[in-house]
Amino acid sequence: MISASASSPDRNADLFQRAQALIPGGVNSPVRAFKAVGGTPRFIERAQGAYVWDANGDRYIDYVGSWGPMILGHNHPAVIEAVHKALEQGLSFGAPTEREVELAEEIVRLVPSIEMVRLTSSGTEAGMSAIRLARGATQRPRIVKFEGCYHGHADALLVKAGSGLATFGTATSAGVPAEVVQHTLVLEYNNVAQLDEAFAIHGPEIAGLIIEPIAGNMNFVRPTPAFIQRCRELCTQHGALLIIDEVMTGFRVALGGAQSVLKVKPDITVLGKVIGGGMPLAAFGASRDIMQHLAPLGPVYQAGTLSGNPVATACGLATLREIQKPGFYEALGQRTRSLVDGLQAAAREAGVPLVTESEGGMFGFFLLDQLPRNYTQVMKSDGARFNTLFHGLLDRGVSIAPALYEAGFVSAAHTAADIDATLDAARAAFKSV
Ligand SMILES: *Cc1c(COP(=O)(O)O)cnc(C)c1O
């Protein structure tokens with residue numbers, strides 16, 4: 001770590017104290033508070049390429065990437081230029097713009113399952129709207145989701161499994177009445193038999209099944225080919241809509257998203273993160289038939305004062321144009337693999353059990369002997385060991401997500417030298433894990 005502050009006061013700690021007096025937990029999104037790993041969250045002052053600098057002036061190689069959007073690295077010149085240009089034309093109009101049309105054209109071209117798209121400001125909004133659209137289009141109430149998948153913090157999705165297949169979920173957050181989640185059925189990821197059974201019991205009432213096509217909110221769990229195929233088949237058989245939540249995986253694991261990697265065609269796709277390039281922008285899209293249920297064409301209401309914001313769309317468009325350059329995903333995938341392969345070798349040397357996964361610019365690792373297939377298995381990870389590793393890396397200038405349920409992200413700005421420096425830090429950190 002390039003330390004500018006060996007003996008000066010800790011500005012991160014000072015800021016955290018000020019923040020805690022004014023903002024619940026000192027943060028505007030809970031995981032940022034370091035509650036799982038302990039210690040003081042770093043207050044970020046600036047970022048460039050693969051690096052972020054905190055309030056003490058300490059530099060970190062960044063594998064959080066704002067939780068996924070920064071696929072080009074921070075402050076990519078083409079993106080910054082596009083944003084500057086947009087800024088000069090005005091911040092928000094609350095009226096349609098040409099750039100929204102261009103972005104819609106780009107999305108429809110890149111994601112063949114999408115014929116029409118609606119822009120929102122967050123993945124939460126897009127996921128919530130996709131659920132409403134599925135219910136409106138099918139005129140059915142029930143939703144199937146999987147334990148360990150996150151689709152934003154809409155009431156109906158903050159649910160954990162009930163006590164059996166006949167019972168629906170229970171809320172995982174205070175403030176969500178039981179009635180609000182009574183139609184949400186929570187199943188185990190990768191459990192084909194349970195999925196079959198759930199559709200056998202509830203099929204005619206299921207509006208949609210929502211899934212993370214690679215579950216990045218339980219670190220990194222891939223669906224088995226049989227499982228994801230069965231999701232598609234059962235939805236088709238029972239007239240339910242398959243909603244693939246690609247907020248994390250979209251334009252991250254491949255240009256066509258995880259649906260192109262898995263070769264599965266959803267009815268509705270939810271996008272976010274990379275699509276906004278770091279600005280508040282998300283989207284949901286589907287066939288023309290399904291999307292025509294949305295207001296003002298149809299009876300499913302959905303709206304947003306800042307939806308399709310002109311600065312956000314400029315940022316998203318510039319980002320989408322960069323990732324289409326030839327060789328982009330090959331290089332990104334290779335760099336990401338060199339990181340996880342290196343981590344695995346370093347762990348082996350240190351005698352630490354570690355399994356890793358990656359696809360495109362997204363990666364995961366578990367302090368386990370075997371890759372987990374579902375949330376229960378993910379939960380067998382040793383939290384204390386993870387925390388030691390996390391702080392061991394952070395102290396050496398490498399920033400990964402401060403919780404073991406989170407995926408990691410490599411950007412196009414990460415160089416081979418950055419990966420080498422990361423692996424040096426990892427070799428040292430593994431010694432105390
Ligand atoms: C991040 C995320 C969301 C929520 O997006 P926000 O922009 O944070 O509201 C939804 N689904 C998945 C899969 C995500 O990773």
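**Reading a sheet, a ligand site and a pocket**

Tutor: Let us begin with one pair of strands in this predicted model: E1 and E2 run antiparallel and are joined by 4 bridges. Within this pair, isoleucine 44 stands opposite aspartate 54 of E2.

Student: Which strand pairs with E2 in the antiparallel sense over 3 bridges?

Tutor: That partner is strand E3, made of residues 59-62, while E2 itself takes in residues 51-54. To follow the pairing on the structure, look for valine 52, whose bridge partner in E3 is tyrosine 60. The hairpin of E2 and E3 has 4 residues between the strands, and in this hairpin glycine 57 takes a positive phi near 85°.

Student: In what sense do E3 and E15 pair, parallel or antiparallel?

Tutor: Here the sense is parallel, with 2 bridges between E3 and strand E15, which consists of residues 398-399. One place to find this pairing is isoleucine 61, whose bridge partner in E15 is valine 398.

Student: What is the order of the strands in the open sheet?

Tutor: The order is E1-E2-E3-E15, so an open sheet of 4 strands is formed, and its pairing is mixed. E1, which covers 44-48, and E15 stand at the edges with a single partner strand each, so each of them has one side left without a neighbour in the sheet.

Student: Where does asparagine 75 lie?

Tutor: Asparagine 75 lies in the loop between E3 and helix H2, which spans 77-89. When you look at its backbone, notice that asparagine 75 has a positive phi of about 55°, although it is not a glycine.

Student: Is the peptide bond from alanine 295 to proline 296 cis or trans?

Tutor: That bond is cis, with omega near 10°, and proline 296 belongs to the loop between helix H8 (288-291) and helix H9 (310-322).

Student: Now I would like to turn to the ligand. Which residues are around the ligand?

Tutor: To read a binding site, one lists the neighbours and then asks about contacts. Among the residues around the ligand are Ser122, Thr124, Tyr150, His151, Asn217, Asp245 and Lys273. By class, this shell has 3 nonpolar, 6 polar and 3 charged residues.

Student: How many Å is an oxygen atom of the ligand from an N or O atom in the side chain of lysine 273?

Tutor: The distance for lysine 273 is 2.6 Å. For threonine 124, a side-chain N or O atom is 2.7 Å from an oxygen atom of the ligand, and for asparagine 217 a polar side-chain atom lies 3.1 Å from a ligand oxygen. Taken on its own, the ligand has 380 Å² of accessible area, and the protein covers 82% of that area.

Student: What is the volume of the second largest pocket, and how many residues line it?

Tutor: A pocket can be described by its volume and by its lining. The second largest pocket has a volume of about 600 Å³, and it is lined by 27 residues, with Glu100, Ala104, Val117, Arg118 and Leu119 lying nearest its centre. Helix H3 (98-110) and strand E4 (116-120) each supply at least two residues of this lining. By class, the lining has 16 nonpolar, 8 polar and 3 charged residues.

Terms used. Residues are numbered from 1 along each chain as its sequence is written. This is a predicted model: local features need pLDDT of at least 70, side-chain atom pairs count only at pLDDT 80 or more; totals for chains, interfaces and linings use all residues. Side-chain values use heavy atoms; hydrogens and water are left out. A residue is near a molecule or strand if one of its heavy atoms lies within 4 Å of it. A polar contact is a pair of N or O atoms within 3.5 Å; within protein, one must be able to donate a hydrogen and the other to accept it, and residues adjacent in sequence count only if both atoms are side-chain atoms. Accessible areas come from the Shrake-Rupley method with a 1.4 Å probe; for residues, only the protein chains shown count as cover. Ala, Val, Leu, Ile, Met, Phe, Trp, Tyr, Cys and Pro count as nonpolar, Asp, Glu, Lys and Arg as charged, and the others, Gly among them, as polar. Two strands pair if DSSP finds at least two bridges between them. On a 1 Å grid over the protein atoms alone, a cavity is a set of points where a 1.4 Å probe fits but cannot get out, and a pocket is an open set with protein on both sides within 12 Å along at least five of seven lines; lining residues have an atom within 4 Å of a point. Grid points are joined across faces, edges and corners, and a volume is the space filled by probe spheres set on the points.
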